[in-house]
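Here is a guided walk through one protein model, written for someone who likes to check things in a viewer. Keep the structure open beside the text and follow along.

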Amino acid sequence: MKFSEPGHEVEVVVVGAGQAGLSGAYHLRRAGWEPGRDFVVLDGSPHPGGAWQFRWPTLTYGRVHAMNALPGMALTGADPERPSAEVIGEYFAAYERAFGLRVRRPVRVRAVREAGNGRLRVETDAGVWTARALINATGTWERPFWPRVPGQEAFTGRQLHTSRYRGPESFAGERVVVVGGGTSAVQHLLEISRVAAATTWVTRREPVFTDGPFDEEQGRAAVALVAERVRDGLPPRSVVSVTGLPLTEEMRRARESGVLRRLPMFDRITPGGVVWDDGRAVAADSIVWATGFRAALGHLAPLGLREAGGGIRLEGTRVVRDPRIHLVGYGPSASTVGANRAGRAAVRGLRALLSSGSVRGPAPTPEEAAEAA
Ligand SMILES: Cc1cc2nc3c(=O)[nH]c(=O)nc-3n(C[C@H](O)[C@H](O)[C@H](O)COP(=O)(O)OP(=O)(O)OC[C@H]3O[C@@H](n4cnc5c(N)ncnc54)[C@H](O)[C@@H]3O)c2cc1C
C-alpha cells in the first residue's frame, strides 16, 4: 500500500459521488474549500450518476417518483421516456463540470483508519489520502440484501436481486415469484406480469397503499421514524419502507386485475418453486428478490463505529463515536431530498469542527459555532 502522496493530504475526503456526495461537495466548495486541494471526492463507479447509472433501462425518468434536483442547479426539460440512468447520469456529469468538483473515478475506498495526529487514513485502489474529516456518501446499491430461506440453494430456476434486474424481457413465458414490499417490487411486477405466464407477489408484511404521493407531513413522520432508530444506534430501515406505496393509476389497474394480490412470505424453497407450511405451493421458474439494500460501510469497519445494536449512532449526520465522520445518504437521509439536506448539514458540522484547528476553510458563522458547542 502506497503512503500518502503530495496532493493527497486534504482537509476532507468525500467518499461517493451520488446525490449525497455531490451535495456535500457542493456545500464544501460553497463554504470556501477548493476541490482537489482542500477536499477530494472519490467515487468507485465508472461514470457520473451514483447508483442511478446501474438502474434498469425500463426505470424511465417519468417513473422515478420524487427525484429532487441537486442543490444549485435545476434538472429541467428531461424526457420522461428516457431511462433515468441516462437522464440523471448526464445531469450529474453536467453538475460536476459546472461546479468544478473534480471527482476522482473510478477510485474505490478499501479502508479508513486512524493515521495518527488526529488524521484519517483513506486507503484506496488508487493510493492513500489523509484527511482531517470524512463525508461518507457510499449509498446502498453495492450491498443488495437477500433474506435467507431454507432450500434456497436447491432451487433449480433463476434467482436474481433488483440490483441485477434489467427489464422484463427475459421473463417471457415464465412463472415468476417477486419477493418484497417496496416500490421496486411493484415496478418489477407491473412489468413482468405483461410478459410472464404467471406472477406471484410475496411480502413479509401486508403492503400499505397510500392514496397519491405522500404529503410533506407524512414524509417528515416517516423520516422521523428512521431517524429515531439511528439515534438509538440501530440499523436504519429504508425511508421508503415507512412511507408506504403511493398508488399510481397503473398500480390501481394492476390491483384490479389481481397482479398486486399479495401472499405472505413463503416458508421454504424447493427445487421447483416456493411452499408455505400450510401446504400451499407455487411453481416458479424465477424468483426476483426485491428485498432492498443495506448501507455499504465495510470500509469504515477499522474505525469501530458500530454500536451494540448493530447500527451507527448519529446526531444529525455526525457519527457520535467519531465527530470527524459524517454519514450522508444514510438512514433518514437515504432519499434524494434527504441526501441534499444531509450534505449541507455535514458541511455545517465540519466547518465548526475544523475551524477549531488549522484549517484553510473559512471560520463558521456565529450560529454554526453555537450549534457545534
Ligand atoms: C430503484 C430505486 C429507485 C429510487 N427512486 C427514488 C426516487 O424516486 N426518489 C428518491 O428521492 N429516492 C429514490 N431512491 C433512493 C435514492 O436513489 C437515493 O437515496 C439517493 O439517490 C441518494 O444516493 P446516495 O448518494 O446516497 O448513493 P448512491 O447514488 O448509491 O451513490 C453512492 C456512490 O458511492 C460510490 N461508492 C460506494 N462505495 C464506495 C467506496 N467504498 N469507495 C468509493 N466509492 C464508493 C458508488 O459507486 C456510488 O457512485 C431510489 C432508490 C432505488 C434503489
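What follows goes from the whole chain to its domains, the ligand shell, the sheets and a few backbone details.

## The overall picture

Please keep in mind that this is a predicted model. The protein has 8 helices and 19 strands. Its C-alpha atoms fill a box of roughly 65 × 45 × 40 Å along the principal axes.

How does the radius of gyration fit with a compact globule? For 373 residues such a globule would have a value near 21 Å, and the protein has 22 Å, so the two agree.

## Two domains

The domain assignment splits the protein into domain 1, made of 8-142 + 294-372, and domain 2, made of 152-208 + 244-289. If you place a C-alpha centre in each domain, the two centres lie 34 Å apart.

How many residues of each domain are in contact with the other? On the domain 1 side there are 7 residues, and they are in contact with 7 residues of domain 2. The side of domain 1 that touches domain 2 has 4 nonpolar, 2 polar and 1 charged residues.

## Around the ligand

The ligand has 34 residues around it, and those that come nearest are Gly-16, Gly-18, Gly-50, Gly-139 and Gly-329. Sorted by class, the shell has 15 nonpolar, 15 polar and 4 charged residues.

Which helices each supply at least two residues of this shell? They are α1, which covers 19-30, and α7, which covers 336-354. Both helices come up again in the next section, where they lie across strands.

## The six-stranded sheet and its helices

An open sheet of 6 strands is arranged in the order β2-β1-β6-β19-β18-β17, and its pairing is mixed. Because β2 (39-42) and β17 (314-315) stand at the edges with a single partner strand each, one side of each has no neighbour in the sheet. At the β17 end, the pairing with β18 (residues 318-319) is antiparallel and comprises 2 bridges. Here Glu-315 has Arg-318 of β18 as its bridge partner.

Now bring in the helices. Helix α1 lies across β1 (12-15), β2 and β6 (133-136), and runs at about 155° to β1. Helix α7 lies across β1, β6, β18 and β19 (322-327), and its angle to β19 is about 160°. As said above, α1 and α7 each supply at least two residues of the shell around the ligand.

## The three-stranded sheet

A second sheet to look at is open, has 3 strands in the order β13-β14-β15, and pairs in the antiparallel sense. Its edge strands are β13 (268-270) and β15 (281-283); each has a single partner strand, so one side of each is left without a neighbour in the sheet. From one strand to the next, the twist averages 20°.

For a concrete register, take β13 and β14 (residues 273-275), which run antiparallel and are joined by 3 bridges. Within this pair, Arg-268 stands opposite Val-275 in β14. When you look at side chains along such elements, a general point helps: in a regular strand they alternate between the two faces of the sheet.

## Parallel partners of β16

Which way do β7 and β16 pair, parallel or antiparallel? Strand β7 (residues 158-161) and strand β16 (residues 286-289) pair in the parallel sense, with 4 bridges between them. One position to find is Gln-159, which stands opposite Ile-287 in β16.

Strand β8 (residues 175-179) also pairs with β16 in the parallel sense, over 4 bridges. Here Val-178 stands opposite Val-288 in β16.

## Backbone details in one loop

The loop between α2 (84-98) and β3 (109-116) contains Pro-106. The peptide bond that leads from Arg-105 to Pro-106 is cis, with omega near -10°.

The loop between α2 and β3 also holds Arg-102. What is notable about phi at Arg-102? Its phi is positive, at about 50°, although Arg-102 is not a glycine.

Definitions and conventions: Residues numbered from 1 in each chain as written. Predicted model: local features only at pLDDT ≥ 70, side-chain atom pairs only at ≥ 80, totals over all residues. Domains from an automatic or database assignment. Contact = placed C-beta atoms within 7 Å. Nonpolar A, V, L, I, M, F, W, Y, C, P; charged D, E, K, R; others polar. Near = placed C-beta within 6 Å. Pairing = 2+ DSSP bridges. Axes fitted to C-alpha atoms, helices over the stretch in contact; angles between N-to-C directions. Rg over C-alpha atoms; globule rule 2.2 N^0.38 Å.
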